[in-house]
Amino acid sequence: MLDSYAARSCPVKTRNRFDRTVRLPVNTSSDIAIRASTDAMQELFTGSTAFKKEVMDALAAHPDAVDLRSLMDEDWSERSAATADAVAAGALLIIAPVLPLDVAGHRAGQPDVLVLGPPAPDGDTGYYPVIIKRHRVLEASPRGRRQPCTPLSGGQRLLRVAGCGVRTHREGDLLQLAHYRRILEATGWCSGGVPVAGIIGTDEILIRQGRPVLGRNRTHRPGDLKHLVISWANLGAKRLRTFARTASSGWRYRSSLERYDHEFAFRLRIAEIAARRTGSPDDPDPRVRPIVVHECESCPWWVACKPQLNDDDLSLRIDKARLDVHEITVLRSMGISTITDLACTDVEQLLPTYLPEVQHRPGAENRLRLAAERADMLAHGIAVKKTSVGPIELPAQGYSIDLDIETSAAARVYLWGFLVNDPDDDSGPQYVSFSRFEDLDHAGERALAEEAATWLVEQLTAHPEAKVYHYSDYEVVHIRRIARKSASPSLRELAQNWTRTNFFDLFPVVQKNFFGVHGLGLKKLAHNGAGFNWRDEDPGGLNSQCWFAEAVHGPNHEVRAGFATRVLEYNEDDLRATRALRAWMRTLS
């Protein structure tokens, strides 16, 4: 049986699960679902689990809801039977359902919610599957589009929001919903008519001048559900751009159901072939072989896939602006598998054969050229190269402050870090921080920001010629966001004045002057260009969020203090890295 993540995730996972010649790195004894799905694991590390619980709690308050979460620890058959009872009773909302196994279709599934659809002309009723995702699922679209949405609050009234629609790049969500739709069809529980399914994301629908409009929220705030909606997607609408060899353009628009059916059938064939492999000489060849994708970073099967790749494999070595699976497959079919292969090949000679096979991907030619440039750099051991001529334009040296903030998984700023460089102070740059190692609410985050802003404005007032350096606009965005609801004169002055006159973003300068084989992130450029090394062996923003969680919720004071120190040192090193990067750039001509 294949679960709802199979069609949307790496097909090599399916092969590994059913191929007895591949050593299982995790417990995959369940025949019902792939427990080690990378997508499912990722939800645990992005705040999605808490968001899902929050939304389910709100839905469970509906008087006609049946909440089956109390059965989460029971076996599949008992939970499926409870779902069947709720369906038979005509429950309006069924939370945490388990669908009957679709044995003939080899499908198993458990959507987050089932919503009762309207009665058909013959009186029959059925259900729509709904999933909960902690990301935005709507985007601006032509004015002719009117996106149907149902508010989580305010009954079952249907809103039609002009000028927006479900994001087509959320293809994984749509394929997951198509999987549930096919099971509901096989079970006889599917609502008739247009094949509709729902996604509850972090999008907010606001009512302005009596009309619903898409809000501009950047991140969801825990506890704030009043503007969230179920966004209804038509799984039969042809909106997904996919490869089509028979089309003159090289691609066609297909529906989510068509795309799902193709991907699921492909993985089913993979599973059937893999299941026949026992290690004997007459085993069938595997249907798929590993290609590195973003899932590999946290996939438990990586230990089985890595040894099958050449150390210089294109998909392994090029980790920025990666070519997709189809692009890599096409290159492999042309005899180009490694960075050396690509670096030694004339791209102009490749294009006539290559481009007709990848026209589904916008910008395919430019993507290949960038990959070839990166392959050449890797082959010659070059990580960063300067693309401009002459010295790099930077503000004059003098009194400076480097700024870097850290945010929690809930997107609240809990640490404001500064590195103060006073040319008249022989002791060198001094690290100053303002932090709260606790779960912050709006008021707590604002109070911390006001404290940090008061200090910073004092420094800038005393040194009006000083520059505040930061890498990307992340810090400025948060300063202005928090200042909008603050009464602090210092924070407002910082947001409205100083950020416009004295702040200097290094990232646009870097973009203008450098090309990085691994991208132009601070970690890569400061290390590969300026030679800066972090004290932590595994520095990174996502890791720091985990350290913050341990600093707040660790089992004892010693553990909490240790992780707090780790976060502060990481933040200080980020600041020293921006200073080192700036100093290095001044030496280049």
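**Exercise 1. Decide how far the predicted model can be trusted along the chain, and say which residues call for caution.**

Solution. Begin with the chain as a whole: this is a predicted model, its average pLDDT is 90, and 94% of the residues score at least 70. Then turn to the weak stretch, residues 28-46, over which pLDDT stays under 50 and for which the model has 41 contacts beyond four places in sequence.

**Exercise 2. Describe how helix α5 and helix α6 pack, and determine what kinds of residue form their contact.**

Solution. First take the geometry: α5 covers residues 171-187 and α6 covers residues 256-275, and the two pack at an angle of about 80 degrees with their axes 9 Å apart. Because angles of 65 to 115 degrees count as roughly perpendicular, α5 is roughly perpendicular to α6. Next list the residues that meet: α5 contributes Glu-171, Leu-174, Leu-175, Ala-178, His-179, Arg-181 and Arg-182, while α6 contributes Ser-256, Leu-257, Arg-259, Tyr-260, Asp-261 and Phe-264. Sorted by kind, the residues of this contact divide into six nonpolar, two polar and five charged.

**Exercise 3. Locate the partners of the salt bridges Asp-19 with Arg-277, Asp-112 with Lys-52 and Lys-53 with Asp-57, and state what is known of their burial.**

Solution. The search of the whole structure finds 36 salt bridges, including the three treated here. In the pair Asp-19 and Arg-277, the N to O distance is 2.7 Å. This pair links distant parts of the chain, 258 residues apart, with Asp-19 in the loop between α1 and α2 and Arg-277 in the loop between α6 and α7. Since buried means under 20% relative accessible area, Asp-19 counts as buried at 1%, and Arg-277 is buried at 13%.

For Asp-112 and Lys-52 the N to O distance is 3.2 Å; the pair lies 60 residues apart, Asp-112 in the loop between β2 and β3 and Lys-52 in helix α3. Asp-112 and Lys-52 are both buried.

Lys-53 and Asp-57, by contrast in placement, both lie in helix α3, four residues apart, about one turn of the helix, and their closest N and O atoms are 2.8 Å apart. Asp-57 is partly exposed, with a relative accessible area of 34%.

**Exercise 4. Is Glu-572 buried or exposed, and which residues does it contact beyond its sequence neighbours?**

Solution. Glu-572 lies in helix α19, residues 557-586, and counts as buried because its relative accessibility is 15%. Leaving aside neighbours within four places in sequence, Glu-572 is in contact with Tyr-431 and Arg-535.

Terms used:
Residues numbered from 1 in each chain as written. Predicted model: local features only at pLDDT ≥ 70, side-chain atom pairs only at ≥ 80, totals over all residues. Heavy atoms only, no water. pLDDT = per-residue confidence, 0-100. Contact = heavy atoms within 4.5 Å. Buried < 20%, exposed > 50% of the residue type's maximum accessible area, 1.4 Å probe, protein only. Axes fitted to C-alpha atoms, helices over the stretch in contact; angles between N-to-C directions. Parallel < 35°, antiparallel > 145°, perpendicular 65-115°, else oblique. Nonpolar A, V, L, I, M, F, W, Y, C, P; charged D, E, K, R; others polar. Salt bridge = Lys/Arg side-chain N within 4 Å of Asp/Glu carboxyl O.
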